[in-house]
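Got the viewer open? Grab your mouse, and let's take a walk through this model one selection at a time.

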Amino acid sequence: MSEKANTLSNRVRVMSVLGKYGTIISLLILVLAFSIALPPFRTADNIVNLLGQLSLLSIFAAGMTCCLKMGDFDLSIGAMGAMTGIVVGQLLSHGYSIPLSIAAGLMVGLAAGCVNGLLVAYLELSAFVCTLATASILTGATMAITKGMAIWDLPVRYGIIGQGYLYGIPIRFIIMIVLLTLLSLFHGFTTIGRRMEAIGGNPEAARMSGINVRFNRLIGFVLSGLCSSIGGIVLTSSVLSANATQGASYVLESFGACFIGAATVRIGQFHIWGTFVGVMFLVVAVNGLIIMMVPGYYTTMIQGAVLLLAIVLSGIGSRVLRR
Amino acid sequence: MDTISKTPFFEAKGIVKDFPGQRALDDVDFDVRAGEVHALIGENGAGKSTLIKIIAGLYKADRGSIFIDGKECSIASPKDSQNLGLAFIHQELNIIPTLSVAENILLPNYPRNRFNIVTKSAMVKAVKSIPYVLNIDADLTTPAGQLPVIQQWKAIINRALAVNSRIIFMDEPTSSLTHEEVNELFKSIEHLRSAGKAIVYVSHRMEEVFRVADRVTVIRDARKVGTAEVAGMEPQQLYKMMLGRELRDIYPQKNKVQDTVLLEVNNLSRDNILHNVSFKLHAGEILGIAGLVGSGRTVLARLIFGAMRKDGGEIKVNGKVAAFSNPMDAIEHKIALVPEDRRKQGLILSMDSKKNITLASLKKLLHGSFLPILSRHKEKNVAHQYYERTKVKASGLNQCVADLSGGNQQKVVLSKWLCSEAHVLIFDEPTRGIDVGAKFAIYEMIADLARQGTGIILISSDLTEVAGLAHRVIVLDGGEIKTILDGDQVDLKTITSLLLAS
């Protein structure tokens, strides 16, 4: 009897470890398999390239995590990033200084995040519809500003953010790590972070415990907007150009990364480092597929499938997406 | 009463059921006589619903046997129990809301006319021809979901009559009914009894036993305490059977109320639910609120706590008018609410005890006064203090509250408010769904808080609880204060008769 109970509890333990660390283990297996099977994968050039892609998606996905943590989500992150890029690009090409242009770019995310937050948290409209609408308004506006043309004449010095290196490490990777560290400390160690966690767990009980649910949800959208703006700046700097459709692909990929994150270690909860694992997983998978010469449309299909799988594994799809 | 035969036709003998880690039923006997109303009562977790589930064929007993008309029979599935003439009505009524009342009653055997077609008129006729059918106050062709709960109940009872059931088991039937509906249900039960049907009435409300039952069986801690005739029994005796101690030992000594008024409510109103409610709450006072479902008791609590907007009236805290538009303001003013539904409104189930306890007082956990940064060290110390004080039983501060028992969850909710240093604590159904041990512990804590000068508003449908703890009792009826009982008037009989008089 006790032996039976023991093996049972052992099995439960193994399952729970597999459940908790399953995504990390799969990521390691993926990296290992690609390194052995695909020589181009393990070249220094490719690794630097990976770090770059990792950085951009992580920045966008970190913002999305802030919203998802509270059961909200933000479909406008790509559009906010693109608008930021255009604002910065316009200012720079009109000869304004780099710090001033960047500050103006961050204002875009701040303002758009506030609007999203007011609509969703204070007017209690659906996050899905509202952020889809603001995304469409922003994208339309960037098209109108640029007449659909890309901005090319950005100063080379602006490129340092996206293309520069510090002690051999890409600067955008450093920016991303600093941002993620700050956000995860914010979530884990501040009163607002704790309140956000409570709202994510049960908004009604949070309200009945004296938490200002609306304000905290607004903060989530503002953080998402700010991250998107940082993402937009790093993105335009990386390619030294800005256009209206930049960043659109980050919405779906961010969702994927966040849900993989919610199936990592703290099952059912969105958290910054989980999202980072999700980003690594997606970026490595896509990179490997490209090296294997799998056509691009299949990678989109696979990303969609991974998102679905992650939603199932995290077990929270139903709860969050019901809103 | 003369229709009751003295010999049981249904008997369950020596029923034993083990769940992993605990025995749910230990050698329990239970019998039913034709034409009797037999109340099966016990605290939450005593084992009464396990027994019912075994009889229904939902669980399999580990030992024991069931006899009907003296013949042993095996019940392995709900189908078996139905064939033996047993019907079960659960709290969540098994009604299909989109089907008509008649269709619900006749499920699954619909009458057909000579063309083998199911027609509405044939259905209605079939329902009317059920022996002893209860009259339903509605068109039998309306969707059942549109009916008031009591009419749905009657429809389900009719379904049991349609298959000619001999015993109808009702599980906590009054928990979702209003006062008038309870009366109507009791009339229906009377009707069933006169038709020779036996009714097993499962409840944890004692006062109902005295209103409807002929006999009562009490289950406590998985064992049968005894079966007795209700006629000539005193409530105190039944209490002792149910709780295992004398009523006067259950409730702590009442303290002396102080003169300071902590909270004053004047003409508080909310459209059709609450009308001009006024009262004062003193320091050290336990103010009971007795009322049935729909009397406005929960709304009153939510209005004071700012969880709902009031339409009129004022609230004064320590003599000053305070306008709360949300719970945040109320908590600022040291008012707290232990809500009716702790899982939905009281706890963040995904967080641990530590985080739940400190949730309403995060300011206490700050590193310094400059940045809103939490100190893990302070968090642990603060949470631990209240965790110890309310004697939460868990594997530790880090255990997820979703995994705690109802009683321990309630202690965590209470800890949260002790941590916020509330001066006025509103308890809405504080002991619903928790085990006896935790119940007594919560009584002790409520009395203790009052002794220390906290003002307490106690809302409960367990009237003995209200009578046992409160210094004064507001009887709430239809959103209005019917009367406020004070001193010697606060006793179970007075409150019960006031509530049930209509």
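Start by selecting chain B and colouring it by secondary structure: you should find 18 helices and 20 strands. Keep in mind that you're looking at a predicted model. Now zoom out to take in the whole chain. The C-alpha atoms of chain B fill a box of roughly 85 × 50 × 45 Å along the principal axes. The radius of gyration of chain B is 25 Å, and the globule rule gives a close 23 Å for 502 residues, so this chain is as compact as a globular protein of that length.

How much of chain B is buried? Buried residues account for 46% of its 502 residues. The contacts tell you about the fold, too: of those in chain B between residues at least 6 apart in sequence, 69% join residues at least 24 apart.

**Next stop: a sheet**

Select strands S6, S7, S8, S3, S9 and S10 of chain B. In that order, these six strands form an open sheet with mixed pairing. Which strands stand at the edges? They are S6 (86-89) and S10 (223-229) of chain B; each has a single partner strand, so one side of each is left without a neighbour in the sheet. Ignoring direction, neighbouring strands here are turned by 15° against each other on average.

Now zoom in on S3 (residues 37-41) and S8 (residues 198-203) of chain B. This pair runs parallel and is joined by five bridges. To see one partnership, click B:Leu40 and then B:Val202 in S8(B), its bridge partner.

Add helix H6 (residues 179-194) of chain B to your selection. H6 packs on the sheet, where it touches S3, S7 (167-171) and S8 of chain B. Compare directions as well: that of H6 makes about 145° with that of S8(B).

**A helix with buried residues**

Move on to helix H8 (residues 235-243) of chain B. Which residues are buried in this helix? Show the side chains of B:Leu238, B:Tyr239, B:Met241, B:Met242 and B:Leu243, and you have them. Then step just past the helix to B:Gly244, which follows H8(B) and has a positive phi, near 80°.

**Last stop: where two chains meet**

Bring chain A back into view. The contact takes 22 residues from chain B and 18 residues from chain A. On chain B, highlight helices H11 (327-332) and H12 (342-346), which each supply at least two residues of the side that touches chain A. Finally, colour that side of chain B by residue class: you'll get 16 nonpolar, three polar and three charged residues.

Definitions and conventions. Residues are numbered from 1 along each chain as its sequence is written. Chains are lettered from A and ligands numbered from 1 in the order in which they are written. This is a predicted model: local features need pLDDT of at least 70, side-chain atom pairs count only at pLDDT 80 or more; totals for chains, interfaces and linings use all residues. Two strands pair if DSSP finds at least two bridges between them. Helices (H or I, at least four residues) and strands (E, at least two) are DSSP runs, numbered from the N terminus. Axes are lines fitted to C-alpha atoms, for helices over the stretch in contact, and angles run from 0 to 180 degrees between N-to-C directions. Two residues are in contact if their C-beta atoms, placed from the backbone, lie within 7 Å. Ala, Val, Leu, Ile, Met, Phe, Trp, Tyr, Cys and Pro count as nonpolar, Asp, Glu, Lys and Arg as charged, and the others, Gly among them, as polar. The radius of gyration is taken over C-alpha atoms; the globule rule is 2.2 Å times the number of residues to the power 0.38. A residue is buried if 20 or more other C-beta atoms lie within 10 Å of its own, exposed if 12 or fewer, and partly exposed in between; C-beta atoms are placed from the backbone.
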